[in-house]
Amino acid sequence: MNLERTSKVIAGPFIFLQFFPSWAIAYVVIFLISSTFAPPAIAQYVHKAPIILPAYTLRELSGYPINTYRVFRSVQGKAEAIPFQIDEMTRYEDFVLDQGASPNMHEGDGVFDNADELSFMGEDVGDIAPITSWIGPAPDLSYELKAEHPSGKKGAIYVGIWFSRAPPLSNKSYVSFNLPQAKISTSRYAYYFDPKNYLVVKGIDVLNDGKPRRLVETSSFFLKADLKYFLTFLVNQSSIVSKLEAYKVGPIRSIVRVSFSYVLLRLNFEMGMYTEVSFFANSVILPAIMYNPLDGAKSLNKGSGFYYGFALNENPASLNVKSTLPTYKEPTSSSFFSGKNIVEHSYSVTTSSKDWFMQMEIEPSSKMISKGYGPSLYLENASPDEIAKRPLNKALPLGKSPVNLAINFDLSEFSEGEHRVGFRLYFENQVTPELLESYSTLSLWRYNVKRR
């Protein structure tokens with residue numbers, strides 16, 4: 001990310017968290033509807049999640065112009081084009097985006113190298129069977145990219161490089177972005193946000209047998225900074241002004257860059273804050289940077305915190321929730337930071353009903369791990385009707401705000417400086433032991449390349 005931009009902060013005693021707009025966009029509930037998805041006509045796929053591989057992990061096949069690459073799976077040795085995407089990164093590791101008010105195409109060199117990313121869907125991976133029959137002329141260079149899992153499951157895609165007369169790309173696309181309608185959609189879901197405030201979710205529907213089903217009504221953001229011997233700031237989504245700077249729509253993912261500003265005491269402070277989020281067919285993946293200019297333990301009272309949550313259209317009490325996150329506990333004036341705790345390198349939360357599940361993975365920053373603090377999970381036994389009665393335009397704590405599921409951070413434990421946190425969301429409409437096991441072991445997959 002652009003550290004020059006993220007280092008700009010509000011003057012005065014405000015906790016600048018670049019994290020929260022990322023959650024605002026990224027905490028999108030996208031459910032994969034299998035009734036509208038035709039499995040690929042191959043013996044197996046490795047898994048259903050997106051696969052994203054930086055160029056520096058694929059040195060054997062990197063270093064060539066982006067337009068020379070094509071990707072295939074093998075069907076009994078015959079090449080079948082699959083959708084893929086190469087996204088360039090700038091020297092600050094921002095995405096190179098070609099549309100919107102502030103595109104930055106001039107920052108790309110047109111070559112797949114360094115931190116540039118190759119992405120494709122795991123469900124498009126085919127059998128390990130070297131291609132003997134290509135579409136048109138054989139490539140000038142060809143590579144086998146193999147995926148292997150400790151369980152023995154494996155598959156491969158085949159990458160060809162043509163310096164002239166490259167074959168046509170796959171015409172299949174998984175995701176689209178309609179700017180006038182402020183809508184991100186696939187054949188499986190529709191996500192609506194407010195174009196005047198990208199922090200707000202206006203509704204999320206899934207298509208069930210072609211009919212939309214409302215799953216999420218609204219989202220809410222809340223931050224309380226209770227400074228010792230000073231003021232207390234309460235902030236919610238109504239205090240945030242957003243602007244879509246640039247975006248890109250590809251066959252595998254849509255990427256959006258949004259900048260945010262905060263209104264304090266009727267003054268508009270430009271915080272130099274922005275985020276980039278990738279939307280996939282069945283998941284959302286994003287980097288998140290939290291910058292805290294204060295030492296929370298020294299500067300903030302207990303009760304200072306941040307959460308982002310949403311109003312599920314189902315009571316969480318009726319769902320099956322499994323989490324490795326600690327349960328949220330309401331802070332009290334007598335509670336104190338208890339010292340360093342054991343913080344895992346990765347947490348997960350799986351929420352499921354009889355016919356869908358959502359899995360969220362959170363990777364704390366190295367500072368959070370070393371200092372011994374992490375996020376907590378808030379669930380409220382509240383019906384959609386009860387949640388809908390609570391006001392959206394007021395900054396309210398958990399239990400009073402219109403959310404029944406949220407991720408909370410205790411800001412009084414945050415150390416000063418930048419925190420890089422990773423977030424991944426996966427969604428499916430099936431609940432089987434095999435599928436749950438597949439998603440719980442995604443990190444065990446290994447990818448390697450060899451020239452054919």
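Trainee: Which residues of helix 6 (residues 433-440) are buried?
Mentor: This is a predicted model: local features need pLDDT of at least 70, side-chain atom pairs count only at pLDDT 80 or more, and totals for chains, interfaces and linings use all residues. Residues are numbered from 1 along each chain as its sequence is written, and side-chain values use heavy atoms, leaving out hydrogens and water. With buried meaning under 20% relative accessible area (1.4 Å probe, protein chains only), and helices being DSSP runs of H or I, at least four residues, numbered from the N terminus, the buried residues of helix 6 are Leu-435, Ser-438 and Tyr-439.

Trainee: Within what arc do the buried residues of helix 6 fall?
Mentor: Picture looking down the axis of helix 6 and following the directions from there to the C-beta atoms. The buried residues line one face of the helix, because they fall within an arc of 90°.

Trainee: Which strands stand at the edges of the open sheet in the order 1-5-4?
Mentor: Strands are DSSP runs of E, at least two residues, and two pair if DSSP finds at least two bridges between them. The three strands of this sheet pair in the antiparallel sense. Two of them have a single partner strand each, so one side of each is left without a neighbour in the sheet: strand 1 (50-54) and strand 4 (85-87).

Trainee: Which residue of strand 5 is the bridge partner of Pro-50?
Mentor: Strand 1 and strand 5 (residues 117-121) pair over five bridges, in the antiparallel sense. In strand 5, the bridge partner of Pro-50 is Met-121.

Notes
Buried means under 20% relative accessible area, exposed over 50%, partly exposed in between (1.4 Å probe, protein chains only).
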